[in-house]
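Visitor: Hello! I would like a close look at one part of this protein, and then a walk outward from there to its surroundings. Could you take me through it?

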Amino acid sequence: MATLIVAALISVSTSCSSIMPRQQVRPLVLRDVPAQRLAYRFEPDVGVPAEIKTEDSDDKIEAIQLDFNTRRQDDALVRTVRSPDGQRALALYGSVDVPSQEFHIDLYSSDGIFLRNLTPPDLGCVFPETVAWSPDGNFITFIGHKSLKPTPTPTPTPSGDNMPEPPAAGEAVPLPSVAPAFAAIPLFATEQIYICNRDGNDLKPLTSREGLIYFHLAWAPDNHALVAMACKESEWDAREREYKLPVGRPRLITLDGKERLLDDELTEALPVWCPDASKVATAFDTDVTIYDAASTKPTQARIRLRDALVSASRTYEAKNAGAKKKDDANTNDTKSAESPARSAIPSSFNPAIRLEWTSPEKLFFQTAFVRLLPSEPITTFQRWHLVILSPQAAVLK
């Protein structure tokens, strides 16, 4: 009898020891779950996410605008980009007399004191919305190419009544430099990503793939890499002729310039970072794709939503039609159910054009019809949808 009891205890102990390790290796946070092990729930037409920031891309710091108004009247301030600590700002500007898509960048203190020129005269910057500080404020990135018309970079010098007042004792402000002598840097005919430190020093190209146009970049929340979009010149020109949004191939770029192509398929949806910096997401037509971005063995997952979006679009249009004509709602529903048009693609069914990852579990994306006509851009059927992410259920053996 005693032997049986001991055997039973050993059996229970062995069972417990085999179960416990399975509980210990279970992911505690979504960051630890590989992209291919994610589960999801789709919620269509959720409304505009409250977490989305509505920053004005033309926002200008008043003190810097005043400096341009008083001492730099030949320059047109395009926008300012404040550093994460709020002490410095980048001033993006062009020429008043020569309208151009190119611009230059100067470094200012946030109270309007000129510090130094950031870009050399033969480097023309483009895509002002992509100029950015790293989240920790240690680096500055922008996109540029060899300037079509190199011009001397102005070096404003305070004088007379425009001399700024000295900072208060003990106030932490950056020290200015005058007319920096720029070291020679590689220049390219097509748009590349450039990087320098927070003082404007050590300027260099982060990418150097002549023939590719880089047109988007975004820093990882933990500063370890950037996600970018690039396309061939011919692909850019083709989309431009059709008045469509540009398309590119998403890629990860580390601070030492190493590049990992995430997908060889073209998309117009700009990639976004998960807030925990572990993953990147983009969309191809109606498929949302997620990539591991901080793993030595990266995986990816493609969430195919075409059928769900077609169904949601029918519901969306029926709801809108019902709101306009409540009296005819039942009749219209009956006709549409019996008509061959039921199988047609609804007008409100469109590809994903934008993503916003507001929390590790919530990935929003917007579908819409967009045409960039010269007279007036057309954007219709703007609808937001939500993908709720979670770990896949574990299989017990």
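In which helix is E235 found?

Guide: Happy to. Please keep in mind that this is a predicted model. E235 is found in helix α3, which covers residues 233–241. Is this glutamate buried or exposed? E235 counts as buried because its relative accessibility is 15%, and the cut-off for that class is under 20%. Setting aside residues up to four places away in sequence, E235 touches R249 and L266.

From here we can step out to the nonpolar cores. The largest one has 25 residues. Within this core, the residues with the most contacts are I290, L305, L355, W357, L363, F365 and V387. Several elements give two or more residues to the core, including strands β1 (38–43), β16 (279–284) and β17 (287–292), along with helix α4 (306–324). Strand β19 supplies the largest share, 3 residues. As a general background, nonpolar side chains tend to be buried together in soluble globular proteins.

L355 is a good residue to click on here. Leaving out neighbours within four places in sequence, L355 is in contact with A269, L270, V272, A281, T282, A283, V288, L363, F364 and F365. Apart from this core lies another, of 20 residues, with F127, A132, L206 and C231 among them.

Two of the strands already named, β16 and β17, also belong to an open sheet of 4 strands, in the order β15-β16-β17-β18 with antiparallel pairing. At its edges are β15 (272–273) and β18, each of which pairs on one side only. Strands β17 and β18 run antiparallel and are joined by 5 bridges. To find one of the partners by eye, start at Y291, whose bridge partner in β18 is Q300.

Now for the aromatic rings. Searching the whole structure gives 8 aromatic pairs. One of them is Y108 with F114, an edge-to-face pair with 5.7 Å from centre to centre and 80° between the planes. Both Y108 and F114 are buried. Another pair, F142 with Y194, is stacked, with centres 5.8 Å apart and 10° between the planes. That pair links distant parts of the chain, since F142 sits in strand β8 (residues 139–146) and Y194 in strand β9 (residues 192–197), 52 residues apart. Both F142 and Y194 are buried.

Y108 and F114 also join F68 and Y93 in one aromatic cluster. Y93 has a charged neighbour as well: R72 lies over the face of its ring, at 4.5 Å from the ring centre. A similar arrangement involves R383, which lies over the face of Y316 at 4.4 Å from the ring centre.

One last stop is a proline. P121 has its place in the loop between β5 (114–117) and β6 (123–126). With a relative accessibility of 27%, P121 counts as partly exposed. Along the chain, P121 and F182 are 61 residues apart, while their C-alpha atoms are separated by 9.2 Å.

To retrace the route, we began at buried E235, passed through the 25-residue core and the open sheet, and went on to the aromatic cluster and the loop that holds P121.

Definitions and conventions: Residues numbered from 1 in each chain as written. Predicted model: local features only at pLDDT ≥ 70, side-chain atom pairs only at ≥ 80, totals over all residues. Heavy atoms only, no water. Phe/Tyr/Trp six-rings, centres within 6.5 Å; stacked < 30°, edge-to-face > 60°. Buried < 20%, exposed > 50% of the residue type's maximum accessible area, 1.4 Å probe, protein only. Lys NZ or Arg CZ within 6 Å of the ring centre and 35° of its normal. Contact = heavy atoms within 4.5 Å. Core = buried A, V, L, I, M, F, W, Y, C linked by side-chain atoms within 4.5 Å. Pairing = 2+ DSSP bridges.
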